[in-house]
Amino acid sequence: MELEYLDSWLNSPQKDCSNQYKYELLRITPKMKYEKTLIENLQDELIFSYKEKKYWETIVFNLSEDDIRKIVNSTIPDDSYTLSDNVRTGDFGEVLVKIIVQHFYNFTSYNKLKYKFNKDRSVFATDLVAFDDIINPQTIYFYEIKTRQSLNKEDGLYITEIAYEGLKKDEDNEVQPVLSYMSQRFHELGEDELSLKYLKLSLDKKNVKRDFELVILTNDINEKKIKTICDALQNTNIELHPLSLTLVLLPDLYEIRDKIWDTLIDRVVELSKSNGN
């Protein structure tokens, strides 16, 4: 899926030149307020993250409109209670970071939304993995993503501390399991040459380097609070290296989220009609 529409909406990631932290600090800010076409593009990214685009187009879109609506409802998190509404927020954040990583860094990235067994629960462990070069990978990037309205403390910790601890405790931020999984995935896709390459790479964790990424998406752009969460991470005993913190600062983040979810089912029906069904 083409991602050029991000260029008209977001500035590319900017490094904090005055950074005195023991990790790399970057910011992503908007160029302009979102437009209807942005909402539609993000809706497409979201629904194709739950199931492959080809699956929707060749299988689901052959159903009646009523049945398509039922399939979408059975795929996306519910919104009838707080926990599932939080899951909607988290899923949206993960998809947004996935396409930011793909577009601005030219990485190949993978999240786990397709592999949920419970649509109303968040994905556990590492949220996203990315490769600098999918054909000849040198580095795997492990991402922990948090989407928040407020940067205030939660249960005595700031969001950067929570995110770091989440990334640190994940058992699957090891190189070998990811490479082994990718080997199986390439085999399923009929790419046996790549499958064998990744299987060989998985034999020694030193074959590929690791990079650790924290991403905080928020509409809280209070500079004092931003400095506080950055300082909190600085004061953490950082054992994961190299480590980067990216702040995606969008004043209308939750407005965008609501627009996306409120009309997502209608958007999928519209896609089915444009697909000739």
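Biologist: Which element gives the most to the lining of the second largest pocket?

Modeller: That is α5, with 8 residues. Before we go on, this is a predicted model: local features need pLDDT of at least 70, side-chain atom pairs count only at pLDDT 80 or more, and totals for chains, interfaces and linings use all residues. Residues are numbered from 1 along each chain as its sequence is written, and side-chain values use heavy atoms, with hydrogens and water left out.

Biologist: How should I read labels such as α5 and the word pocket?

Modeller: Helices (H or I, at least four residues) and strands (E, at least two) are DSSP runs, numbered from the N terminus. For empty space, rolling a probe the size of a water molecule over the atoms shows where room is left. On a 1 Å grid over the protein atoms alone, a pocket is an open set of points with protein on both sides within 12 Å along at least five of seven lines, while a cavity is a set where a 1.4 Å probe fits but cannot get out; lining residues have an atom within 4 Å of a point. Grid points are joined across faces, edges and corners, and a volume is the space filled by probe spheres set on the points.

Biologist: What volume does the second largest pocket have, and which residues are the closest to its centre?

Modeller: Its volume is about 710 Å³. Of the 27 residues lining the second largest pocket, G90, S122, I145, K146 and R148 are the closest to its centre. Two or more lining residues come from each of α5, β5 (139-148), α6 (159-169) and α10 (253-262). By class, this lining has 8 nonpolar, 7 polar and 12 charged residues. Here Ala, Val, Leu, Ile, Met, Phe, Trp, Tyr, Cys and Pro count as nonpolar, Asp, Glu, Lys and Arg as charged, and the others, Gly among them, as polar.

Biologist: And the largest pocket: how many residues line it?

Modeller: It is lined by 30 residues, and E52, K98, S109, Y110 and K114 lie nearest its centre. The largest pocket has a volume of about 930 Å³. Helix α7 provides the largest share of its lining, 5 residues. At least two lining residues also come from each of α2 (36-50), α5 (82-105), β3 (108-111) and β4 (128-131). This lining divides into 13 nonpolar, 7 polar and 10 charged residues.

Biologist: E52 caught my eye. With which residue does the side chain of E52 meet in a salt bridge?

Modeller: The general idea is that side chains of opposite charge can pair when their charged atoms come close. The cut-off is a side-chain nitrogen of Lys or Arg within 4 Å of a carboxyl oxygen of Asp or Glu. Here the partner of E52 is R185, at 2.9 Å from N to O. The pair links distant parts of the chain, 133 residues apart: E52 sits in the loop between α2 and α3 (53-58), and R185 in helix α7.

Biologist: Is R185 buried or exposed?

Modeller: R185 is buried, since its relative accessible area is 18% (buried means under 20%, exposed over 50%, partly exposed in between, with a 1.4 Å probe and protein chains only). E52, at 37%, is partly exposed. Setting aside residues up to four places away in sequence, R185 touches E52 and Y115 (contact means heavy atoms within 4.5 Å).

Biologist: How many salt bridges are there in the whole structure?

Modeller: A search finds 24. Another of interest joins D91 and K116, with the closest N and O atoms 2.8 Å apart. D91 lies in helix α5 and K116 in the loop between β3 and β4, 25 residues away, so this pair too links distant parts of the chain. Both D91 and K116 are buried. There is also a network, in which salt bridges with shared partners join E65, R69, D266 and K273.

Biologist: Why are E57 and K53 separated by about one helical turn?

Modeller: Because they are 4 residues apart in helix α3. Their side chains meet in a salt bridge of 4.0 Å, N to O. E57 is partly exposed at 28% relative accessibility, and K53 is partly exposed at 40%.

Biologist: Last one: which residues line the largest cavity?

Modeller: They are L42, L46, F92, V95, L96 and I260. The lining has 6 nonpolar residues, with no polar and no charged ones. About 40 Å³ of space lies in this cavity, and α5 brings the largest share of its lining, 3 residues.
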